[in-house]
Amino acid sequence: MEEKKAMMAAEPAMAYGVNTYADVMTYLHSITITPETMLSLSDQLRFEAHNLHISMALRRLDQLGSLCYDWDGNGATPVDREVIANMHSVIKHSEDKDWSFWVISPETNGTLNITSKKRMSSISLGIKEFSFYSFSADGEKTGRNLPFSPEAFVKTMRQIA
Amino acid sequence: MKKEQVSSAEQVARLLNRIWIVEGELQPAAFVLNAGEAYLSVNRPAVASYESDVDDFISKHPAFCVHSSQKLYYRANLSVGDVRNIGCLIGDERLQIDVDVEPRSMYYQSHAGIFTRVDGVTVKADKSIAYPGSKYGVSSEPILMKLRFELLRLSNVELCPTRA
């Protein structure tokens, strides 16, 4: 028992789980931070709490935006900045539930691709166009080189998710 | 002349960039061909140089390590026999797709390629396929997309040590 207490006492102060809004606020109050930064963090946390899937998609997009040349070991190019901007605009035009079933991945030619977790569906996004493929028991749906707009892209996501 | 084949009893491994694993799940993007590329690169653990080939590759491409401080990498193991049995039929033309695994030892002794063919014509990314008997050819994209999902389904993801 003594040994256990000693181990617990040696644990860092922040070892407890941060699970609730109260936990987060307690943590925020425990560190030195300007009121402006606190407000901004608080807004961000509130946004993330209400838009979990969108937040994850945005984090993933940030990660993909930092890929360097040859990231796949086979000469892949980094994701094009305009493609990243396009995906940002898609996310901005979508609802959180739209992202429950989609994962963003990089293509090796600088474009992005989103793949459904539920079925064999995927949408490729370039600078000016997007294409999609979806296979299900009902048959195949395909669209090639469609002019890109965030609205059209989100509509396709909803149709083939 | 018949091309050299990897035995159906062998396993091949696709080395995985950590970007292809999201929330612990391997993504189909791990099996995408580059534009114009004719085969998907894999390595053969049964070949003696496999470990040193992987070490060399990972030392040049650190994003294939699970974490910069950890000498571990993910690989997707695929049975060559299972890969050969992939047969997808596409569209109204009911194309028969053949998938094969052939050695490509020019760069690394353990390197091999997963090829996809329609009536003997190799399917390349971003190219339409004009196979014998076809009038206009067909897009390679639906074929390669189905292949991606099939390879994902057959994959057994494993965490392995590297000396790189």
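**Exercises on a predicted two-chain model**

In chain A, 46% of the contacts with a separation of 6 or more join residues 24 or more positions apart. The model is predicted.

**Exercise 1.** State how many helices and strands chain A has, and give their order along the sequence.

*Solution.* Step 1: chain A has 6 helices and 5 strands. Step 2: along the sequence they follow the pattern α-α-α-α-α-β-β-β-β-β-α. Step 3: for burial, 22% of the 161 residues in chain A are buried.

**Exercise 2.** Compare the expected span of α5(A) with the distance between its end C-alpha atoms.

*Solution.* Step 1: α5(A) has 13 residues. Step 2: the expected span is 1.5 Å times one less than the number of residues. Step 3: this gives 18 Å for α5(A), and the end C-alpha atoms are 19 Å apart, which agrees.

**Exercise 3.** Decide how helices α4(A) and α5(A) are oriented to each other, and list the residues that meet.

*Solution.* Step 1: α4 (residues 52–65) and α5 (residues 81–93) of chain A pack at an angle of about 175°, and their axes are 11 Å apart. Step 2: an angle over 145 degrees counts as roughly antiparallel. Step 3: α4(A) and α5(A) are therefore roughly antiparallel to each other. Step 4: from α4(A), the residues A:I54, A:A57, A:L58, A:L61 and A:G65 meet A:I84, A:M87, A:H88 and A:I91 of α5(A). Step 5: this contact consists of 7 nonpolar residues, 2 polar and no charged.

**Exercise 4.** Find which residues of α5(A) are buried, and where they lie around the helix axis.

*Solution.* Step 1: the buried residues in α5(A) are A:V83, A:N86, A:M87, A:V90 and A:I91. Step 2: they cover an arc of only 140° around the axis, so they are on the same side of α5(A). Step 3: an α-helix has 3.6 residues a turn, so residues three or four places apart point the same way. Step 4: the face turned away from the buried side of α5(A) carries the exposed residues A:R81, A:A85 and A:K92. Step 5: the partners of the buried residues of α5(A) are α4, β1 (102–106), β2 (112–116), β3 (120–125) and α6 (150–160) of chain A.

**Exercise 5.** Describe the side of chain B that touches chain A.

*Solution.* Step 1: 20 residues of chain B are in contact with 21 residues of chain A. Step 2: helix α3 (residues 141–154) of chain B supplies the largest share of the chain B side, 5 residues. Step 3: by type, the chain B side has 12 nonpolar residues, 6 polar and 2 charged.

Conventions. Residues are numbered from 1 along each chain as its sequence is written. Chains are lettered from A and ligands numbered from 1 in the order in which they are written. This is a predicted model: local features need pLDDT of at least 70, side-chain atom pairs count only at pLDDT 80 or more; totals for chains, interfaces and linings use all residues. Two residues are in contact if their C-beta atoms, placed from the backbone, lie within 7 Å. Helices (H or I, at least four residues) and strands (E, at least two) are DSSP runs, numbered from the N terminus. Ala, Val, Leu, Ile, Met, Phe, Trp, Tyr, Cys and Pro count as nonpolar, Asp, Glu, Lys and Arg as charged, and the others, Gly among them, as polar. Axes are lines fitted to C-alpha atoms, for helices over the stretch in contact, and angles run from 0 to 180 degrees between N-to-C directions. Angles under 35 degrees count as roughly parallel, over 145 as roughly antiparallel, 65 to 115 as roughly perpendicular and the rest as oblique. A residue is buried if 20 or more other C-beta atoms lie within 10 Å of its own, exposed if 12 or fewer, and partly exposed in between; C-beta atoms are placed from the backbone. The arc is that of the directions from the helix axis to the C-beta atoms.
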